[in-house]
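Student: I've got a protein model open and I'd like to go through how its pieces pack. Can we take it one question at a time?

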Amino acid sequence: MSRYFIYLAYNGTRYCGWQNQPNGISVQQCLEEVLSKVLCRNISIVGAGRTDAGVHARMMVAHFNIPEVIENTALLVGKLNNMLSKDIAVYKIIPVAEDAHARFGALSRTYEYMLSDKKNPFSYEYVCRMPLQQMDFKVMNEACAVLFNYSDFTSFSKLHTDVKTNNCRISEAGWRKDGDTWVFTIKADRFLRNMVRAIVGTLFDVGRNKITIGDFREIIEAKDRCRAGMSVPPEGLALTDIEYPNDIFLDF
């Protein structure tokens, strides 16, 4: 059995998220249907994460198995892109070790949240728009530094999930200005459901002086989702990078 990683991107606006759902169209469902049709067999894929409804991915990785070797992966990429909708694009398909796992084998994942107070008809699906006059991004970045001191992020996790631990190692977190847009970048070995949107919402409270950095620290230590801020809108969020160990990739 041969295993392949498939690298893709998608605009998540019209999807119920990455993962298959009984009451909506998912990115996973669309990709599985097209892969199965092109490869003439039922194909199941496993994604590196579970982006929520309306969340985008500039890079998602998934793996799938097939009994035979795919001789021309570039040709397969072209066929998939011709059949997939315009808001899903496959970049490449790479052979990997048979035990390589898109989700559990990832070393890190990176997300970005984009924020602006400017109306832009060309970016409204990707940037959260709200007033920023009272937002102090300097103090928000000071609060970001607090995240590195903790590993249990229960306070930023969606309730009643099926994970065994709420521990994550955050290695990067901060805001930067890019033209009219503020971009929050966060990198960790793993993320909990709704974690990034809850962190951003709580940072908004810091930036508007509704809570102090000390309060932000206490919210994390409380391990209580009810203590944290709102979950920000999904359209500003995108999965942007996933890292894997080099030795899982096969050279054919």
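Tutor: Sure, let's start with a crossing: helix 3 passes helix 4 in a right-handed crossing. Keep in mind that this is a predicted model.

Student: Is helix 3 parallel or oblique to helix 4?
Tutor: Helix 3 covers residues 137-146 and helix 4 covers residues 195-207. They pack at an angle of about 130°, with their axes 8 Å apart. Angles over 145 degrees would count as roughly antiparallel, and 65 to 115 as roughly perpendicular. The angle here fits neither range, so helix 3 is oblique to helix 4.

Student: How many of the residues in the contact of helix 3 with helix 4 are nonpolar?
Tutor: On the helix 3 side you'll find V139, M140, A143 and C144. Helix 4 brings L203, F204, V206 and G207. Gly counts as polar here. The split is 1 polar, no charged, and the nonpolar count is 7.

Student: Now helix 4 and helix 5: are they roughly parallel or roughly antiparallel?
Tutor: Helix 5 spans residues 213-222, and its axis is 9 Å from that of helix 4. The two pack at an angle of about 155°. Angles over 145 degrees count as roughly antiparallel, so that's our term for helix 4 and helix 5: roughly antiparallel.

Student: Which residues of helix 5 meet helix 4?
Tutor: The crossing of these two helices, helix 4 and helix 5, is right-handed. From helix 4 come T202, L203 and V206. Their partners in helix 5 are I213, F216 and I219.

Student: What about helix 1 and helix 2: how many charged residues are in their contact?
Tutor: Helix 1 (residues 27-39) and helix 2 (residues 73-83) pack at about 125°, with axes 10 Å apart. V34, L35, K37, V38 and L39 of helix 1 touch L76, K79, L80 and M83 of helix 2. Lys counts as charged, and each helix puts a Lys into the contact, K37 and K79. The tally is 7 nonpolar, no polar, and the charged count is 2.

Student: Which residues do ring pairs link into a cluster?
Tutor: Two rings pair if their centres lie within 6.5 Å. By that rule there are 11 aromatic pairs. Ring pairs join these residues into a cluster: F137, W175, W182, F184 and F204.

Student: How far is K92 from the ring centre of Y7?
Tutor: To sit over a ring, the NZ of a Lys has to be within 6 Å of the ring centre. K92 lies over the face of Y7, and its distance from the ring centre is 4.7 Å.

Note on methods. Residues are numbered from 1 along each chain as its sequence is written. This is a predicted model: local features need pLDDT of at least 70, side-chain atom pairs count only at pLDDT 80 or more; totals for chains, interfaces and linings use all residues. Side-chain values use heavy atoms; hydrogens and water are left out. Axes are lines fitted to C-alpha atoms, for helices over the stretch in contact, and angles run from 0 to 180 degrees between N-to-C directions. Helices (H or I, at least four residues) and strands (E, at least two) are DSSP runs, numbered from the N terminus. Contact means heavy atoms within 4.5 Å. Rings of Phe, Tyr and Trp (its six-membered ring) pair if their centres lie within 6.5 Å; planes under 30 degrees apart count as stacked, over 60 as edge-to-face and the rest as tilted. A charge sits over a ring if NZ of Lys or CZ of Arg is within 6 Å of the ring centre and within 35 degrees of the ring normal. Angles under 35 degrees count as roughly parallel, over 145 as roughly antiparallel, 65 to 115 as roughly perpendicular and the rest as oblique. A crossing is left-handed if the near helix is turned anticlockwise from the far one by less than a right angle, and right-handed if clockwise.
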